[in-house]
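Here is a walk through a two-chain model, starting from a single side chain and working outwards. Have the viewer open and follow along.

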Amino acid sequence: MQKEYLTIAEVAGPIMVVEAVRDVGYAELVEIELPNGEIRRGQVLEVDRDKAVVQLFEGASGLNLYKSRVRFLGRVMELGVSSDMLGRVFSGAGRPRDGGPEIIPEKRVSVLGEPINPYSRDYPSEFIQTGISVIDGLNTLVRGQKLPIFSGAGLPHHRIAAQIARQAKVLGKEEQFAIVFGAMGITFEEADFFVTDLRNTGALERAVLFINLADEPVVERILTPRVVLTTAEFLAFEKDMHVLVILIDMTNYAEALREVSAARKEVPGRRGYPGYLYTDLASIYERAGRIKGKKGSITQFPILTMPQDDKTHPIPDLTGYITEGQLFLSRELHRKGIYPPFDVLPCLSRLKDKGIGEGKTREDHAGVLNQLYSAYARGLDVREMAEILGEAALSKLDRIYLEFAEEFEQRFIQQGEYEDRPIEQTLDIGWELLALLPRSELKRVKEEHIEKYLPKKEAPAPPRWARLAR
Amino acid sequence: MKQGVIAKVSGPLVVAEGVPDAKMFDVVRVGHEKLIGEIIELEGDLASIQIYEETAGLKPGDPVESTGAPLSVELGPGLIAAIYDGIQRPLELIQTQWGPFIRRGAELPALDRQRRWHFKPAVKRGDLVSPGDIIGTVQETPLVEHRIMVPPGLAGTVEEIKEGEFTVTEPVCLVRTAEGLRELTLMQRWPVRKARPYREKLAPKEPLSTGQRVIDALFPIAKGGTACVPGPFGSGKTVIQHQLLKWADAEIVVFVGCGERGNEMTDVLIELPELEDPRTGEKLLKRSVLIANTSNMPVAAREASVYTGITIAEYFRDMGYSVALLADSTSRWAEAMREISGRLEEMPGEEGYPAYLGSRIADFYARAGRVICLGRPEREGALSVIGSVSPPGGDLSEPVTQNTLRVVKVFWSLEDKLANRRHFPAINWLTSYSLYAEALEPYYLERVGREWLDLRREAMRLLQVEAELEEIVRLVGVEALSPSDRLALETARSIREDFLMQSAFDEVDAYTSLEKQLRMLKLIIRFHELGREAIARGAPIEQILELPIREAIAQAKFIPEGQSERFAQLEREMEGQFEELSKERVAG
């Protein structure tokens, strides 16, 4: 017989204190029955002898101190998972929100998950083609990687995420593929955009969506990524699927965490976020990867908006320390009308080296990547210099680099929202751009690759010192 | 047995009451699953315990038992090539027992109890032995002779000693001490928070060669020294640590992955068994011990992981080895400390870190050093400690970086600006420093020659000059510089791109011996000298910069090890090209 308590002593924000409890475990799931019969859920955050501190997932409104009944369920928060979840839309806590029936679970699993033994991990090395040049060419994504997009308010990160969801594939393989999408505190329009886009392209039947909108309970957001990843782990490691997880927007998630922490009167760390923000974020991001002996994989694309475009803000900062690289969006390029507006220089995919080259993409990939990077970096330097000194003060070579930077943005970064560029095309565009530079500047590509891939020019160039000396 | 009970559970912190015989830092077993924890605060009858595992489901009233001993590690044959979690549980065994996810309450011995090792005695019956004396050896791997020592605090006469095959728990030696007969096994235990004793500490005098040019040439670390690598994310801290793990010329390397990425540990695990030591030709795994407590593993075990690592490192130092301990990242360790301190409701210091952060960091780095080990035969061991620091937002004024800089002697400053330009390793050559440079001079003079010191000084000078000239270029453009200044700029660029930049992923470039470093640097500096002479003779700077030898200098890093004649040939070619240049001048 389950005990019911009528001993709520205190409610503050999303936190509730229940007294005179017995046999309550840490992290246990709690059900609260409101006077009107509505059932809310919560989780034990702390037990101190006979006092339990409970975090309410769906907010405290309507809660009454004396008439609400509290039941401790004796188990941690679990999610019933099933392959039937594909094609469905759920709330941020895992309840159907598409009007469809409840899921009949194949099994119930704790949403907290268990850490993957580092010894059991398999190193991600399979190239995923997204059809976006900046990602495929310069910041190659591999299966099992976690690669966040650092965006800002008003930048088109959701369009990019949708494009990745539409186009991502592993070349030359027909495999089971699924998308698990978690939305935390985004607006109805944004959520609707994803649902419509997935439906229109027919991808919805391979997708599971968990949506917590901006006006829905804040604390539910703490649950959402965990529910998402629990589903993803089930599909990947028990159903052999390759799962792409999109989490948007991690900033809202961290805000929710801060709210709970403040309500508990914890000692705050940087900018009021709890000291355990790093650990907490890691418990989400680290649930990506591959496992030896398992077919499936989890690849994560968390998206976060940097408050005031500040990458030193704790949320992007701690995220960057956990994830395997990051993709920055640039407000400047967005203003120039370039889509996707990737801020190329600070972008990085840490696992790219294992996913590129002969047999994976193309033999010349590493060289082209490095050469494009350094040339664009130099081009941007020159652009900055030209702003101070004027273009007249530039040397001839500098002017070439300036032009390169311009062309690079227009032809390499810029592409259509529905343009799915194969990797060969991405690399070929790279070579066309490199052809703008004098041969002597191509120090990072191998000679034999230059012969093979560099578009031939009409007239032979004059000796280089002669040109420079003029 | 009497037991205490849980009073309160809050995340990784449990408060228990009535634990019999509770002592600070004793290990306790908590709850029905017997989770492992450590007492970190005592107040009256209450003991605060940090739990090394996930605490979900623990309830007030659950039993708490003290083991009566502090958190310790097992030291003996079987450590090499092992991979442990933060409290020395073998991850390989956990996988075989429980599959790919880590379950709670796992209790497995750190050292294999079944495996037999061949023990060769080094002392005989009747010998007097005292702490640290080597009583025999076990050839653990082709690279590591595991020296079995008398544990600290034990002395007496050898009553019996056996040669043969033994497990780590079987007695191999019987010692008659003042308190009676004692059995010695191949294994001993040591509490992780206590530094292992040695006879005497010495000043470091020999460099720890790493094969990384920017480190060895500009900012060397000594054997027994300390270094820190702070840098924002994406600046390449982990790659540097991995490079040191692979190429540092220590006899034993202990790598602690403290609160970092799981896939990075996997990378190490997959690569190490493949890589060969450039000096011995043996597999690098055969000298490494790995501790992996990734960011999603329990936070308290992360706090313990650096201590587990350094205790194992000290144990090998005591055998007389040169050991390197790499901790990636100490910030995660400090954050774990902060998290626990917050739960204890201690008064926070700067940025929420506990007020004792500084002393904990200092204590940790103080365990490094070159020492005369305890016991006979007399031997010298060295423990070098290299910790990476992950300052939030790359801001070096934060407490962990500042407290670390106060105690370490080498500072490799990583910059994301360099990383964004793909200048790797992204160690800034202007802000980094090594306080060992002077102490190591006699070594270089004796082993490498004065030339090395001169080249280094000249390279540093040119980089400094470049920084100054760049200010001018920014204002008036490069055309306004004198030819010799332009040459200096170009040489500095060459030092940066052709010498300091080093690819960790290129087979040849990943490791450079001191000898090749000297030849490479010599080539660049010689070019500068010849260039200056040529300018003095009136050669136009453009022509100097167009000499084909510059291409060869840029490619010099890809010349395989041991081809000094190739460098000699390049030097001759360079002289030739400059001669050619002045002939043209005369003729023209």
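## A glutamate under cover

With a relative accessibility of just 1%, E409(A) falls under the 20% cut-off, so it counts as buried. This is a predicted model, so take everything here as computed from predicted coordinates. E409(A) sits in helix α11 of chain A, which runs over residues 396-413.

Who keeps E409(A) company? Setting aside neighbours within four places in sequence, E409(A) is in contact with L333(A), K336(A), I338(A), Y376(A), L380(A), R383(A) and Q414(A). If you want a sense of distance across the chain, try V170(A): it lies 239 residues from E409(A) along the chain, and the two C-alpha atoms are 26 Å apart.

## Two other covered spots in chain A

Now jump to S297(A), in strand β19 (residues 297-305) of chain A. Is S297(A) buried or exposed? Buried: its relative accessible area is 1%, and the cut-off is under 20%. Leaving out residues up to four places away in sequence, S297(A) touches R143(A), A236(A), F237(A), M241(A), H242(A), V243(A), G289(A) and R290(A).

Helix α6 of chain A, residues 277-285, is mostly covered too, with eight of its nine residues buried. The buried ones are L277(A), Y278(A), T279(A), D280(A), L281(A), A282(A), I284(A) and Y285(A).

## Chain A as a whole

Zooming out, chain A has 14 helices and 21 strands. Its C-alpha trace spans about 90 × 50 × 40 Å along the principal axes. Of the 470 residues in chain A, 60% are buried. As for contacts between residues at least 6 apart in sequence, 72% of those in chain A join residues at least 24 apart.

What does the surface of chain A look like? Chain A exposes about 17900 Å², and carbon and sulfur atoms supply 49% of that area. On the charge side, chain A carries 62 positive and 70 negative charges, and the mean positions of the two sets are 3 Å apart.

## Where the chains meet

The size of an interface is often given as the accessible area lost when the parts come together. Here, chain B and chain A bury about 6400 Å² between them, with 54% of it on carbon and sulfur atoms. Three residues are worth picking out on the chain B side: F233(B), N263(B) and R422(B) supply 13% of the area that chain B buries against chain A, more than any other three residues. In terms of residues, the contact takes 76 from chain B and 71 from chain A.

## An enclosed strand in chain B

Over in chain B, look at strand β20, residues 252-258. Why call it enclosed? Seven of the seven residues are buried, so β20(B) is largely enclosed by the rest of the structure. In a regular strand the side chains alternate between the two faces of the sheet. Both faces of β20(B) are covered: one side has I252(B), V254(B), V256(B) and C258(B), the other has V253(B), F255(B) and G257(B), and all of these are buried.

β20(B) has parallel partners to show as well. It pairs with strand β22 (residues 322-328) of chain B over six bridges, and I252(B) has V323(B) as its bridge partner there. β20(B) also pairs in the parallel sense with strand β21 (residues 288-293) of chain B, over six bridges; in that pairing V254(B) is matched with V289(B).

## An antiparallel sheet in chain B

Chain B also holds an open sheet of four strands, in the order β10-β13-β15-β16, with antiparallel pairing. Its edge strands are β10 and β16 (180-185), each of which pairs on one side only.

You can step across this sheet residue by residue. β10(B), residues 128-129, pairs with β13(B), residues 156-161, over two antiparallel bridges, and L128(B) stands opposite T157(B). Next, four bridges join β13(B) to β15(B), residues 171-177, again antiparallel, with T157(B) opposite R176(B). Last, six bridges link the antiparallel strands β15(B) and β16(B), where R176(B) stands opposite L181(B).

Methods: Residues numbered from 1 in each chain as written. Chains lettered and ligands numbered in written order. Predicted model: local features only at pLDDT ≥ 70, side-chain atom pairs only at ≥ 80, totals over all residues. Heavy atoms only, no water. Pairing = 2+ DSSP bridges. Buried < 20%, exposed > 50% of the residue type's maximum accessible area, 1.4 Å probe, protein only. Contact = heavy atoms within 4.5 Å. Areas by Shrake-Rupley, 256 points an atom, 1.4 Å probe, with all protein chains shown as cover. Lys, Arg positive; Asp, Glu negative; His and termini not counted. Charge placed at Lys NZ, Arg CZ, Asp CG, Glu CD. Buried area = accessible area lost by both parts, 1.4 Å probe.
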